Amino acid sequence: MRVRIVFILKNKGSHVPFHHQYLLAQLIKGIMVRGGEEHFINTNVYNFSGLKGQTKISRNGLHFYSSRVTLVFSATDRELIDYFLKHLFSFPQIDVGSMMLIPECVEMEGEVELGDVMKFVCISPLVLVKPSFNDDRGKRFILPTTDTFSDLLYESLMIRMEKSGQFVAEELEQFYKFQLVPDKDYLARIQDQQKKFARIYPLYDQDVKYEVRGYTFPFVLYAAPEVQKFIITNGLGLYTHKGFGMLDIAGADPGKKTQKYEFDNSLAQSSGQ
């Protein structure tokens, strides 16, 4: 289940770093901890996007000029989503970077039909290699057209699917079909324009800063529909609970129909919102 959280932006022109997933990860974790329920505090089976809105780029990062900005939050467990939203909306305002955001409402994205072959775009970077302290291995570049690229994603995916508790061993054994095929025309065009589809991003884990290489490009994925559904809900690659690996279906209408998402908003009401 994917929901769009809409915030009112109080201070137009304010900014966050170009890659601000780590700020959002800290915010989300803080809200989970504030709720006080150990089960939700310790979970990492969820995914989220960067902030979306009307932006301009400067040396300081992304400046937002729209009156509202949106954050996509996604998880299989509806109770987790409701828990997060309940405590998020208990705050009259949250700050991300220099942005002052007022939680306004939540919309639920519609279900999509998934098959064995799906074309995706990355709306946050894919991370393949786990970093180590004072070691550059997390910044290793792996060519997306190689089997190694697909294999690393598949290995981390199977581990996450097993740990999620949503599948039994017999089901996981059936999910051996997995192949990621990048859009080679896109990669060639990006390189011709001297742009990058792979960059180094900051990552904070247990208060330690790491650097990881993340990839953003469109690709076709061959996998069972159950695997496709897990990915579109929970992300692909490593550190999905830190905002990496969120995907969208290529060609999807960004303004596609949504519906209001109802959740327990009593904490917000009691705080005067």
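## A charged patch and an enclosed helix

A negative surface patch is formed by Asp116, Glu170, Glu171, Glu173 and Glu226. Keep in mind as you explore that this is a predicted model. Two helices are good places to begin: α5, which gives the patch its largest share, and α7, which is largely enclosed by the rest of the structure.

**The negative patch**

- Helix α5 spans residues 169-173 and supplies three residues of the patch, the largest share.
- Glu171 has its place in helix α5.
- With a relative accessible area of 35%, Glu171 is partly exposed, because partly exposed covers the range between the buried limit of 20% and the exposed limit of 50%.

**Helix α7**

- Helix α7 covers residues 225-234, and seven of its ten residues are buried, so the helix is largely enclosed by the rest of the structure.
- Its buried residues are Val227, Gln228, Phe230, Ile231, Ile232, Thr233 and Asn234.
- Just after α7 comes Gly235, which takes a positive phi of about 90°.
- As a handy tip for looking at helices, an α-helix has 3.6 residues a turn, so residues three or four places apart point the same way.

**Cysteines**

- How many disulfides does the structure hold? The count is zero.
- Cys122 counts as buried because its relative accessibility is 14%, and buried means under 20%.
- Cys105 has a relative accessible area of 28%, so this cysteine is partly exposed.

Key:
Residues numbered from 1 in each chain as written. Predicted model: local features only at pLDDT ≥ 70, side-chain atom pairs only at ≥ 80, totals over all residues. Heavy atoms only, no water. Disulfide = S-S within 2.5 Å. Buried < 20%, exposed > 50% of the residue type's maximum accessible area, 1.4 Å probe, protein only. Helix = DSSP H or I, 4+ residues; strand = E, 2+ residues; numbered from the N terminus. Patch = residues over 30% accessible without salt bridge, like charges linked within 9 Å, V, L, I, M, F, W, Y side chains within 5 Å. Areas by Shrake-Rupley, 256 points an atom, 1.4 Å probe, with all protein chains shown as cover. Salt bridge = Lys/Arg side-chain N within 4 Å of Asp/Glu carboxyl O. Lys, Arg positive; Asp, Glu negative; His and termini not counted. Charge placed at Lys NZ, Arg CZ, Asp CG, Glu CD.
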